[in-house]
Amino acid sequence: MHDVVIIGAGPVGLACGIEAARQDLSAVIIEKGALANSLVGYPLQMEFFSTADLLEIGGHPFPSLRVKPTRSEALQYYRRVARQESLELRLYERVLEVDGVDEAFTVVTDKGRLSCRKVVAATGFFDVPNRLGVHGEDLPKLTHYYREPYAYAGQRVAVIGAKNSAAKAALECHHYGAKVTLIHRGGALSNRIKYWIKPDLENRIKEGSITALFNTHVRTIKPYLLLLDGPEGHFTLENDFVLALTGYRPDYAFLRTLDIAIGDDPNQTPEHHPETFETNRQGLYLAGTVCGGLRTSRWFIENGRFHAAQIMKHIATGNVEPLQLERRYWKTAE
């Protein structure tokens, strides 16, 4: 029997595995996809907004050729840390349910069963996109995940959204020769767009090389056409591809399978202790971005990595300690 089964092998899940070993707890990490699976799905040439030191786990230095590391560098870093820490990983194995009670759990996967004392779910939110809920959303022309711009050269591309991901995708596709239309239900670009990205997009919109449709909703998606509702009523837009970059959410269906209560607050926050991260189901913990529910900007790698030590200390000692974040994160975590 393991002391802890950790669900999810992203940066926070790996940090949990490291902290478990440092508390003399045996742990296994189960991941339905690849190591650091959410990062695998990021745009291929993505740069993090954070510096490398803020993405470090387990005290392992993160070497980077740039101030802000790339997706490729991060994947190499987390792979190397997992190897150096000799973490027990079971990749491409999906957790189906968790049976039993505290100190006597059975984790059921599509490949077998594991017994453990405690369970930590570090499942993030990148796997479940916020859907538009319109007819035609499942057409192959639409994706909720932007990888690279090359395939869209010479094509009519609609980018839905107005935050960082949508802004970068619109600019990259434009620079690679796509005819880009940015569609946003709000009246302006988000103030959350990074300061070095927003002016470029605003200038491209001002000069007319990128079309921006604000206060506009997608009503229907057709193979070569979009039906839209704008300030002046219904209209159509000729279109080849749709990048619906409208954000993501935790896998609530899976959380309910684990019998984790979901709050009735606007953010649908999963129930958990603010310092130990233990949920309403005794012995089962949450870690990382999943703790924020729909408020996906509350926890991220930079501050979610600190959950690992809190959880493992509580499992090992039963003590409840104040959450220790670096000073720069207190405002974010409040």
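## Two aspartates with positive phi

D259 sits in the loop that links α6 (252-257) to β17. This is a predicted model, and in it D259 has a positive phi of about 65° although it is not a glycine. Most residues other than glycine have a negative phi. As for solvent, D259 is partly exposed, since its relative accessible area is 49% and exposed would mean over 50%.

D24 is another aspartate of this kind: its phi is near 60°, a positive value in a residue other than glycine. You'll find D24 in the loop between α1 and β2 (27-31). D24 counts as exposed because its relative accessibility is 71%.

## Helix α4 and what packs on it

Helix α4 takes in residues 164-175, twelve residues in total. From first C-alpha to last it reaches 17 Å, close to the 16 Å expected at 1.5 Å a residue. After α4 comes G177, with a positive phi near 95°.

Which residues of α4 are buried? They are N164, A166, A167, A169, A170, L171, C173 and H174. The cover over the buried residues of α4 includes the strands β9 (156-160), β10, β11 (210-213) and β15 (241-244), along with helix α5.

## I183 in strand β10

One of the residues in strand β10 is I183. I183 is buried because its relative accessible area is 2%, and buried means under 20%. Leaving out residues up to four places away in sequence, I183 touches A158, V159, I160, G161, L213, T216, V218, L226, L228 and L237.

How far apart are the C-alpha atoms of I183 and T211? The separation is 8.5 Å, although I183 and T211 are 28 residues apart along the chain.

## Two nonpolar cores

In soluble globular proteins, nonpolar side chains tend to be buried together. Here the largest nonpolar core has 66 residues, and L14, Y78, V120 and M312 touch the most other members. Helix α1 (residues 11-22) gives this core its largest share, six residues. There is also a second, separate core of 21 residues, with Y146, L189, I210 and L243 among them.

V120 is a good place to look inside the largest core. Setting aside neighbours within four places in sequence, V120 is in contact with V4, V5, I6 and I7, and also with C16, Y285, A287, I311 and M312. M312 is thus named twice here: as a contact of V120, and as one of the residues that touch the most other members of the core.

## T289, a buried loop residue

Is T289, in the loop between β17 (284-286) and α7 (301-304), buried or exposed? T289 is buried, because its relative accessible area of 17% falls under the 20% cut-off. Apart from neighbours within four places in sequence, T289 is in contact with G124, F125, W299 and F300.

## A nonpolar patch on the surface

On the outside, F49, Y195 and W196 make a nonpolar surface patch of about 370 Å². Y195 belongs to the loop between β10 (179-183) and α5 (198-207). With 68% relative accessibility, Y195 counts as exposed because the cut-off is over 50%. So two loop residues contrast: Y195 is exposed, whereas T289 is buried.

Conventions. Residues are numbered from 1 along each chain as its sequence is written. This is a predicted model: local features need pLDDT of at least 70, side-chain atom pairs count only at pLDDT 80 or more; totals for chains, interfaces and linings use all residues. Side-chain values use heavy atoms; hydrogens and water are left out. Patches are made of residues with over 30% relative accessible area and no salt bridge: like charges are joined within 9 Å, nonpolar side chains (Val, Leu, Ile, Met, Phe, Trp, Tyr) within 5 Å. Accessible areas come from the Shrake-Rupley method with a 1.4 Å probe; for residues, only the protein chains shown count as cover. A salt bridge is a side-chain nitrogen of Lys or Arg within 4 Å of a carboxyl oxygen of Asp or Glu. Helices (H or I, at least four residues) and strands (E, at least two) are DSSP runs, numbered from the N terminus. Buried means under 20% relative accessible area, exposed over 50%, partly exposed in between (1.4 Å probe, protein chains only). The expected span of a helix is 1.5 Å times one less than its number of residues. Contact means heavy atoms within 4.5 Å. A nonpolar core is a set of buried Ala, Val, Leu, Ile, Met, Phe, Trp, Tyr and Cys residues joined through side-chain atoms within 4.5 Å.
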